[in-house]
Each structure stands twice: as C-alpha cells, then as structure tokens.
Amino acid sequence: MPLIGDGVTRGIVRIGDTVRRPMRPMTSTVQAYLRHLHARGFTAAPIPLGTDEQGREVLTFLPGDVPAEPLSPQCAGEDVLVALARLIRRLHDAAEGWEPPRDAVWGTLPGAPVPPLSVPELVGHADYCPGNVVFRDGLPTALIDFDLAKPTTRLAEVGNALRYWIPLRDPADRAPGLRAFDAAARIRVFADAYGLDEDRRARLVPVLIERARASLAWAETAAAADPVFRRFWENDWRHAMPRAVTWLEREAPAIERALRPVRGS
C-alpha cells in the first residue's frame, strides 16, 4: 500500500506491519539514531529493521491517525499542545548525549540551508509538521519520518514545533477554526508542558523571529530549485511566509509577556 504524504519523499509503501522506504545517503545515520532512542526507552518512533530484498529501508509501522493540513480545531486544542510538548521533551531527553557516527550524513532540503543558531545540544527530529505526528485517541503519541534529523538545539526544535502547531501565522493565513487562537497563550501552554527553563524562555522569541526570516529566505531559494517546493511557494508560501514574519514581529511583546515566569506574591 503506497503511503501518501506531501510529495517530498516518494516510493514509500506499507507492507503488513512494516514501512518500506528508498535508501538515501542519511538512512544509515537515521537508523543509528532511532536505535539509540529505543535503547534509551523512547518507543514513540519507528524501529529500524534493516533492508529488504529490493534494497529498501524497512521500519516498523506505527498505527494511528496522521492529521492533514490545514489543521482542524480537533487536532489543535491545548491538550494536543501539551501532549506534543511532552512527547518532544521525551525525545530530547533520550537523544541527549548521543554521539553520531563519525561518517554521519544528515538530510537536507533543496535550496539554501537555514543557518544553525548555536552549538548543537543534541540530535533532534527537526520537522514536526502535522504529517510527521501520529495521533491515537485524539492526542499525539508518536513521531515518524526522521529524514531531517540533525544536530540542533532544544530551542530550535521547540520553534519548529510551534511554527506548525500554534500556528505561527498571521490569522488571515490560518484555517478558519484556528484564526481566533491566542498565539501567546498557546506558546505559554507548550513551553510549560515542555518544561522550558527561564533562560530559554527569555531567548525563545528572538529565535522564532530569526527562524521565520531564515525560513522565508530558504523558501524562495527552494522554490527556484525544486518543483515540489515551487508548488508550495506558488500555492501559499509566497504570501503567507512574509505575513508570518510581520505578524510575529508585531506579536513579539505579547509572547514575551506570556512566557515570563509567574512570581509568587
């Protein structure tokens, strides 16, 4: 059974309780990462099972529902934010301290890469779009598609998740049921559930703005380099991403206020 996603990765099929994917340069590195996560007790990710007779990567299939974009209100409640933040925190805690192989290869997207923010703290998933989050009983319970896993920071990871799940968009570009959402309050819910410390809370908003600007620059380049991303750009990104930067800059003070720790009276 072909597994249909966003069209970025082709040739993915489900056979029984397994998923078969084309081997690519980063596959061995990702498999080593997944094995480490499971060894550390993080079971909310596929288990690598080697290769099949056609030379394809074999992974366990994770049952559940994967939401489509645009998100529905049922997939975007505060209980979803809490569950996702805790899931990502568990992933980070399991990943911390892992030393990638010396010959590690990391997945990349077409176009100019988004520059790293600082010295990496751990290897993270780096792509928390709805299509990579598995729901069961209405809540996020697992993560799939680790193709873009890479050395990164906790803040960059949190920012990536917030981009999709708050979402960090001008209300005009959100799904109708999400336009009235209070972004600052939702970011606070996520930060609390993740357990973001005071120092990282203070640095989060500048990171969000920097990443939004860098993502816009990357998207323009990617659209010129790849037909899949050109379609994304023409259908939505060319208008929504500049508006997202402007909106985020305008909302920054409210988000910073929401993130401040509540002091005892």
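Here is a short chat about rings, charges and a bent helix in this model.

Me: What kind of model is this, and how are residues numbered?
Reply: It's a predicted model, where local features need pLDDT of at least 70, side-chain atom pairs count only at pLDDT 80 or more, and totals for chains, interfaces and linings use all residues. Residues are numbered from 1 along each chain as its sequence is written, and side-chain values use heavy atoms, with hydrogens and water left out.

Me: What makes Tyr33 and Trp98 a tilted aromatic pair?
Reply: Rings of Phe, Tyr and Trp (its six-membered ring) pair if their centres lie within 6.5 Å; planes under 30 degrees apart are stacked, over 60 edge-to-face, and the rest tilted. By this rule there are eight aromatic pairs. Tyr33 and Trp98 sit 5.4 Å centre to centre with 35° between the planes, so they pair and count as tilted.

Me: Why is the pair of Tyr33 and Phe146 called edge-to-face?
Reply: Their centres are 6.1 Å apart and the planes make 65°, so the angle falls in the edge-to-face class. Tyr33 lies in helix 1 and Phe146 in the loop between strand 7 (139-143) and strand 8 (150-152), so this pair ties together parts 113 residues apart in sequence. Helices (H or I, at least four residues) and strands (E, at least two) are DSSP runs, numbered from the N terminus.

Me: How do you know that Tyr33 is buried?
Reply: Buried means under 20% relative accessible area, exposed over 50%, and partly exposed in between (1.4 Å probe, protein chains only). Tyr33 has 1%, so it's buried. Phe146 at 3% also counts as buried, and Trp98 is buried with 15%.

Me: What makes Arg14 a charge over a ring?
Reply: The test is NZ of Lys or CZ of Arg within 6 Å of the ring centre and within 35 degrees of the ring normal. The charged end of Arg14 is 3.8 Å from the centre of the Phe61 ring, and Arg89 lies over the face of Tyr194 at 5.2 Å, so both distances pass the 6 Å limit.

Me: How do you know that helix 6 isn't straight?
Reply: The expected span is 1.5 Å times one less than the number of residues. For a straight helix of 33 residues that gives 48 Å, but helix 6 (residues 227-259) spans only 39 Å between its end C-alpha atoms. It bends by about 65° at Trp237, the bend being the angle between axes fitted to the seven residues ending there and the seven starting there. Trp237 also belongs to a ring cluster with Trp218, Phe229 and Phe232.
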